[in-house]
Structures are given as C-alpha cells and as structure tokens.
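Me: I am new to this structure and should like to understand the terms applied to it. Please set each one against its definition.

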Amino acid sequence: KCTNFPGQCVEVSYNGSTSVFNVSSFTTYVAEEFVISCPETLVESANMTQNVSAAGSCIKFGADNIELDCKGFTINYSQSEAGIGINMSGRRNVTARNCVLVQTNSSVTGGAYAFLLAGSNGSSIVNVSVTTSAANAISILASDATHVTIENSSFYNNDSRVFEITNFNHSRIFNNDIAGITNAAFFVTGGTNYSFLNNSINVST
C-alpha cells in the first residue's frame with residue numbers, strides 16, 4: 001500500500017512481489033506491504049502474509065470493489081467467543097479467495113460464522129477451506145444477498161449447518177466439497193434464481 005500521501009497514490013495491483021500504483025503528482029512515495037491482523041477492517045485490496053487469530057471476529061470488508069487474497073494462510077477465528085471470520089456484509093463486488101478458516105473451540109456459543117454476507121451484492125468466495133467445531137458455527141450465513149458466487153471450496157462442519165441462507169437472489173454455489181456434517185448442508189428460505197451445482201456432500205452418521 002502507499003503511505004505518506006494518501007489519495008495521491010492508489011494501488012492498482014499487487015501479485016506478492018510487484019506493486020503497481022497510479023500517482024497524481026511526483027514526490028517521494030513509500031510502498032509497504034499491508035500486514036493483516038485481527039480485528040482488521042479492509043478499505044483496499046490486500047494479501048495475507050501470515051496466519052492470524054482472533055478471540056472473536058477477524059476481518060471485515062470496509063469498502064466496495066476490493067479483494068482479500070489469503071494466499072493459503074489461516075484465519076483462526078472465534079477461539080474463545082462468538083464472532084465472524086470474514087464479514088462481507090453490506091458490500092458490493094468484494095472477493096475473498098485462497099483462505100483457510102478454522103474455528104476449533106466447540107464450547108463457543110452465540111454464533112461463530114466463517115463468512116457473513118448480509119445485504120451483500122456481487123460478492124465472491126473462491127477456493128476457501130472452512131473447518132468448524134461449535135454447535136452454531138455456520139460456514140456461510142447469508143441474508144438478502146444478491147449475485148453472490150461461492151465456488152471451488154471445501155467445508156467441514158462438525159456440529160452445525162454449513163450454509164444458512166435467507167432471501168438469496170441471482171446467486172450460484174458450485175463445485176464445493178462438504179463433509180463431516182451431522183446437521184443440514186443447506187438451509188434455505190426465500191430467494192429467486194439461485195443455483196446449487198456440482199456440490200459434493202458427505203454426511204457423517
């Protein structure tokens with residue numbers, strides 16, 4: 001990210017080694033890698049560079065049209081209290097990809113959601129892995145969400161619903177692996193023009 005002159009220097013892209021910026025004038029700029037910790041509110045695209053953990057919630061999208069690339073690093077959320085791993089609520093055209101989310105404390109109560117999408121529009125969840133343990137640790141909790149894509153991901157839920165969806169519109173969930181469940185894989189109420197395609201479900205008995 002750019003520092004020293006916010007607003008004059010805007011990051012265009014970053015691939016893990018090379019940053020590209022648009023600048024509005026010539027001066028001395030400083031570019032530094034954005035290190036994510038918990039809790040964190042993202043207002044620009046970011047790449048994770050290390051594993052992170054949180055007693056409750058970890059990452060919240062605070063701007064539209066940005067992306068979080070976890071680069072395979074782990075977000076260990078709700079370690080001791082209710083919380084959200086990645087909150088995409090109220091945002092437009094945001095993406096989370098290549099993330100590993102882990103919730104290991106089975107005694108946490110009150111809700112421990114890997115992803116929350118309330119009122120989200122155009123959000124994408126791509127190539128993530130979610131493992132949960134608590135009884136109310138829902139992997140994807142979505143309500144009044146539109147044009148959402150969830151693809152090529154894996155979900156292992158010990159004791160909770162995987163997807164709990166209300167008023168899900170014009171959205172797709174496809175090419176996902178769901179395993180270890182003793183509850184419902186999909187709990188859906190309301191919505192139009194959504195599709196669940198090529199999802200593998202392995203139920204524990």
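Me: Which backbone nitrogen does the side chain of glutamine 103 reach?

Reply: The side chain of glutamine 103 reaches the backbone nitrogen of alanine 134 at 2.9 Å. This is a predicted model, in which local features need pLDDT of at least 70 and side-chain atom pairs count only at pLDDT 80 or more, while totals for chains, interfaces and linings use all residues. Residues are numbered from 1 along each chain as its sequence is written, and side-chain values use heavy atoms, with hydrogens and water left out.

Me: What makes the approach of glutamine 103 to alanine 134 a polar contact?

Reply: A polar contact is a pair of N or O atoms within 3.5 Å; within protein, one must be able to donate a hydrogen and the other to accept it, and residues adjacent in sequence count only if both atoms are side-chain atoms. The 2.9 Å between the side chain of glutamine 103 and the backbone nitrogen of alanine 134 is within that limit of 3.5 Å. The backbone oxygen of serine 78 also lies 3.3 Å from a polar atom of the glutamine 103 side chain.

Me: Why is glutamine 103 called buried?

Reply: Buried means under 20% relative accessible area, exposed means over 50%, and partly exposed is in between, with a 1.4 Å probe and protein chains only. Glutamine 103 has 0% relative accessibility, and therefore counts as buried. This residue is found in strand E13, residues 100–103; strands (E, at least two residues) and helices (H or I, at least four) are DSSP runs, numbered from the N terminus.

Me: Why is asparagine 175 called partly exposed?

Reply: Asparagine 175 has a relative accessible area of 32%, so it is called partly exposed. It is found in the loop between strand E21 (172–174) and strand E22 (177–181). A polar contact of 2.6 Å joins its side chain to that of asparagine 198.

Me: How do you know that arginine 97 and glutamate 67 form a salt bridge?

Reply: A salt bridge is a side-chain nitrogen of Lys or Arg within 4 Å of a carboxyl oxygen of Asp or Glu. For arginine 97 and glutamate 67, the closest N and O atoms are 2.9 Å apart, so the pair satisfies the definition. Arginine 97 is in strand E12 (residues 95–97) and glutamate 67 in strand E9 (residues 67–69), 30 residues apart, and the pair links distant parts of the chain. Side chains of opposite charge can pair when their charged atoms come close.

Me: How many salt bridges are found, and what makes lysine 71 and aspartate 69 one of them?

Reply: A search of the whole structure finds four salt bridges. Lysine 71 and aspartate 69 meet at 3.6 Å, N to O, which is within the limit of 4 Å. Aspartate 69 is buried because its relative accessible area is 8%, whereas lysine 71, at 39%, counts as partly exposed.

Me: How do you know that E21 and E24 pair?

Reply: Two strands pair if DSSP finds at least two bridges between them. E21 and E24 have three bridges, in the parallel sense, so the condition is met. Arginine 172 has serine 195 in E24 as its bridge partner.

Me: Why is strand E24 called an edge strand?

Reply: Seven strands form an open sheet in the order E6-E9-E12-E15-E18-E21-E24, with parallel pairing. Strand E6 (46–47) and strand E24 (195–197) are the edge strands, as each pairs on one side only.
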